[in-house]
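This report goes through a predicted model. The topics are salt bridges, helix packing, the sheet and the chain as a whole.

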Amino acid sequence: IPGFHSLADDRWRAKWFAKRDAILEWREDIHLAAEHDKGFQENERFLCADDPKYFAAVWGWIYEPRARKNQRRHVPAIPFAFQCHYMDWLSGIASDPEQRDGLGDKCRGIGLSWATVEWVVHGWDFLDLSSLILSRTQAEVDKPNNLNTLFGKALYIIDRTPEFLLPDGFNRDRDRTQMNIANPETMAQIFGDSTTSEAVRGDRA
């Protein structure tokens, strides 16, 4: 996936959009092939489990509230190169036996919250990885039917993931409670909390 240079760089823009269009066409072909082919579905589950970037690019979605006229709001989550590097960085931290910390410094509007949540959902779904996601207040973490919240984004992604890629036995009504989404197959969980002095106290994630 082409790296990000500048929106004013016409060569980069042309390369990026050509790559995006190729991935969108490939993605549509994969979706059609997986509709009724159990073997193909099993292979897709293997490929998704192996790489959160593949999961995002082929099966992920984002909601774009700033869409302009004639643009879609429900958009396939084709990642930029920096988002791919970021997910690799998160995976490196999660797998580090030293349990090191990491800080992602970002500006608004570059899709890093969506990339983070895509990575969290991937770990919850495929890797038996529990994650705690935080924001300034609980209402910014989890508020019903609000895609501006982190849980709203996670549920948006989960609701658009086909059943054959979700945990075996997952039931949204049963397994989703306030500030929590449980994987009934592995017991991995996505927790939520606000950034107060009491955050994560007594929890492990």
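## The pair K53 and D51

K53 and D51 form a salt bridge through their side chains, with an N to O distance of 3.0 Å. The two partners fall on either side of the 20% limit for burial. K53 has a relative accessibility of 19% and therefore counts as buried, while D51, at 21%, counts as partly exposed.

K53 and D51 also belong to a network with D88, joined by salt bridges that share partners. K53 lies in helix α3 and D88 in helix α4, and both residues are listed in the contact between these helices.

## Helices α3 and α4

Helix α3 covers residues 52–59 and helix α4 residues 81–95. Their axes are 9 Å apart, and the helices pack at an angle of about 140°. How is this arrangement classed? Angles over 145 degrees would count as roughly antiparallel; at about 140°, α3 and α4 are therefore oblique to each other.

On the α3 side the contact is made by P52, K53 and A56, and on the α4 side by C84, M87, D88 and S91. By class, the residues of this contact are four nonpolar, one polar and two charged. K53 and D88 are the charged residues here, and both appear in the salt-bridge network with D51.

## Other salt bridges

The count of salt bridges comes to seven. One of the others joins R176 to D142, with the closest N and O atoms 2.6 Å apart. R176 belongs to strand β4 (residues 176–177), and D142 sits in the loop between α6 (138–141) and α7 (150–159), so this salt bridge ties together parts 34 residues apart in sequence. Are the two partners buried or exposed? R176 has a relative accessibility of 16% and counts as buried; D142, at 4%, is buried too.

A further salt bridge links the side chains of R20 and D21, at 2.9 Å from N to O. R20 is partly exposed, with a relative accessible area of 28%. D21 is also partly exposed, at 39% relative accessibility. As a general point, side chains of opposite charge can pair when their charged atoms come close.

## Helices α1 and α2

Helix α1 spans residues 10–34 and helix α2 residues 38–50. The axes of α1 and α2 come within 8 Å and cross at roughly 130°, which makes α1 oblique to α2.

The residues that meet are I30, A33 and A34 from α1 and F40, Q41 and E44 from α2. This contact of α1 with α2 has four nonpolar residues, one polar and one charged.

## The sheet and the helices on it

The open sheet has four strands in the order β3-β6-β5-β4, with mixed pairing. Which strands are at the edges? They are β3 (131–135) and β4, each of which pairs on one side only. Strand β4 is also where R176 lies, the partner of D142 in the salt bridge described above. β3 runs parallel to β6 (residues 189–194), and five bridges join the two strands. Within this pair, L132 stands opposite F191 of β6.

Helix α5 (residues 112–126) packs on the sheet and touches β3, β5 (180–182) and β6. The direction of α5 makes about 140° with that of β6. Helix α7 packs on the sheet as well, touching β3, β4, β5 and β6, and its direction makes about 30° with that of β5.

Nine of the ten residues of α7 are buried, so this helix is largely enclosed by the rest of the structure. The buried residues are L150, F151, G152, K153, A154, L155, Y156, I157 and I158.

## The chain as a whole

The chain has eight helices and six strands. Along the sequence they follow the pattern α-α-α-β-β-α-α-β-α-α-α-β-β-β.

The chain has 205 residues, of which 39% count as buried. Among contacts in the chain with a separation of 6 or more, 60% are between residues 24 or more positions apart. The salt bridge between R176 and D142, which ties together parts 34 residues apart in sequence, spans such a separation.

How values were computed. Residues are numbered from 1 along each chain as its sequence is written. This is a predicted model: local features need pLDDT of at least 70, side-chain atom pairs count only at pLDDT 80 or more; totals for chains, interfaces and linings use all residues. Side-chain values use heavy atoms; hydrogens and water are left out. Axes are lines fitted to C-alpha atoms, for helices over the stretch in contact, and angles run from 0 to 180 degrees between N-to-C directions. Angles under 35 degrees count as roughly parallel, over 145 as roughly antiparallel, 65 to 115 as roughly perpendicular and the rest as oblique. Contact means heavy atoms within 4.5 Å. A salt bridge is a side-chain nitrogen of Lys or Arg within 4 Å of a carboxyl oxygen of Asp or Glu. Buried means under 20% relative accessible area, exposed over 50%, partly exposed in between (1.4 Å probe, protein chains only). Two strands pair if DSSP finds at least two bridges between them.
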